[in-house]
Amino acid sequence: MKAVLFDQFGVTPKIANVPDPTPDGKGVVIEVGATGVCRSDWHGWMGHDPDITLPHVPGHELAGRVAAVGREVRRWKVGDRVTVPFVGGCGTCPECHAGHQQVCHNQFQPGFTHWGSFAQYVAIGQADLNLVALPDTMSFETAASLGCRFATAFRAVVDQGRVRAGEWVAVHGCGGVGLSALMIARTIGAQTVAIDISENKLTLARSCGATHTIDATAAGDVVQAVRDITDGGAHVSLDALGHPTTFFNSVSNLRKRGRHVQIGLLLAEQTTPAAPMAKVIGDELEILGSHGMQAHRYDAMLAMIQSGLLTPDKLIGDRISLEASIDALTGMDNFAGIGATVITEF
């Protein structure tokens, strides 16, 4: 099969012909119909993830058709249209038994623990637990945009942040996951503040439901700007970028008993950012992580999409070829892309 392959961290990948994957007894092989290009892929390519073994094929936001089925798989057959969370559960650990596959003790992640979806085919384990059936009316490119960014945002806003109608929600960083969070929070009935350094991204944020926007390069004091807009601070604030500054601002702009949700990855030298702990204690703040979403929770999200309440297709930016994905991946740290970039040509 054709795939994007790199054999050194931080060195430009290449298009290569590599062996087709085969399913294990409980797994499937998916013919990739579309796959997203995500900042997490960039982190992996840079060597920030210890699970990656070289040489490696990146890619974890995917949708397509089942191409081969393991002998123990019961729920799926060749030709089924499917997507998959970016975190897969083993099905046997205590967290999986409790329904928390997103923090499975033995989790696997395509594009990290094994070769991913910047390729014509990708193998997925424990298919009966981890695959999600796609509605016939949903395109592969829309489904691929759900896998990491939209699903992670849905869990962050709905399950972790517990956002309620009428609350103020601040979103720091208006990439794919931040825009998704804004759309979901606004659909719930929250008032939303989008913070970014790009006016183009803030314009898109307004179209996705941001009731207020802040240009962090012009605001001076981002925390005070959020407090002024929200009359005292956000009830829920999300760091959708993953940077010491956005983390600190997100916690600091909360009102008393507010809830911070960390979505963006803080890796390498940024793994231990400074936190305003006096405020956390004095104001009884909550600091929560959000790491993907379980396959069994997709039904709630898909129902809102099918009803028209959520429109993730509006968040798709460039549709590109597998060859073009190399420049998209290696240039991701420039933050130039608007919306979610999706590979649709293989």
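Author: Buried, in this discussion, means under 20% relative accessible area, whereas exposed means over 50% and partly exposed lies in between. The structure shown above is a predicted model.

Reader: Why is Thr246 called buried?

Author: Thr246 has a relative accessibility of 14%, and because the term buried applies under 20%, Thr246 counts as buried. The residue is found in helix 9, which covers residues 244-252.

Reader: What makes the link between the side chain of Thr246 and the backbone oxygen of His243 a polar contact?

Author: The side chain of Thr246 reaches the backbone oxygen of His243 at 3.0 Å, and the cut-off for a polar contact is within 3.5 Å, so the distance meets that cut-off. Leaving aside residues up to four places away in sequence, Thr246 also touches His172, Asp239 and Leu241.

Reader: How do you know that Arg155 is buried?

Author: The computed relative accessibility of Arg155 is 10%, and since buried means under 20%, Arg155 counts as buried. Arg155 has its place in helix 4, residues 140-160, and, with residues up to four places away in sequence not counted, it touches Gln102, Gln160, Gly161, Ser290, Gly292, Met293 and Gln294.

Reader: Why is Met277 called partly exposed?

Author: Met277 has 42% relative accessibility, and because partly exposed lies between the limits of 20% and 50%, Met277 counts as partly exposed. Met277 belongs to helix 10, residues 277-282.

Reader: What makes Met277 eligible for a nonpolar surface patch?

Author: Patches are made of residues with over 30% relative accessible area, and Met277, at 42%, meets that cut-off. Together with Ile281 and Ile287, Met277 makes a nonpolar surface patch of about 300 Å².

Reader: Why is strand 3 described as largely enclosed by the rest of the structure?

Author: Strand 3 covers residues 28-37, and eight of its ten residues are buried, so the strand is largely enclosed by the rest of the structure.

Reader: How do you know that strand 3 pairs with strand 4, strand 6 and strand 15?

Author: Two strands pair if there are at least two bridges between them. Eight bridges join strand 3 to strand 4, residues 61-69, and these strands run antiparallel; here Val32 stands opposite Gly64. Four bridges join strand 3 to strand 6, residues 121-124, again in an antiparallel arrangement, with Val29 opposite Ala123. Three bridges join strand 3 to strand 15, residues 340-345, also in the antiparallel sense, and Gly36 has Val342 as its bridge partner there. Each of these strands therefore meets the cut-off of at least two bridges with strand 3.

Terms used. Residues numbered from 1 in each chain as written. Predicted model: local features only at pLDDT ≥ 70, side-chain atom pairs only at ≥ 80, totals over all residues. Heavy atoms only, no water. Buried < 20%, exposed > 50% of the residue type's maximum accessible area, 1.4 Å probe, protein only. Polar contact = N/O pair within 3.5 Å; in protein donor to acceptor, adjacent residues only side chain to side chain. Contact = heavy atoms within 4.5 Å. Patch = residues over 30% accessible without salt bridge, like charges linked within 9 Å, V, L, I, M, F, W, Y side chains within 5 Å. Areas by Shrake-Rupley, 256 points an atom, 1.4 Å probe, with all protein chains shown as cover. Salt bridge = Lys/Arg side-chain N within 4 Å of Asp/Glu carboxyl O.
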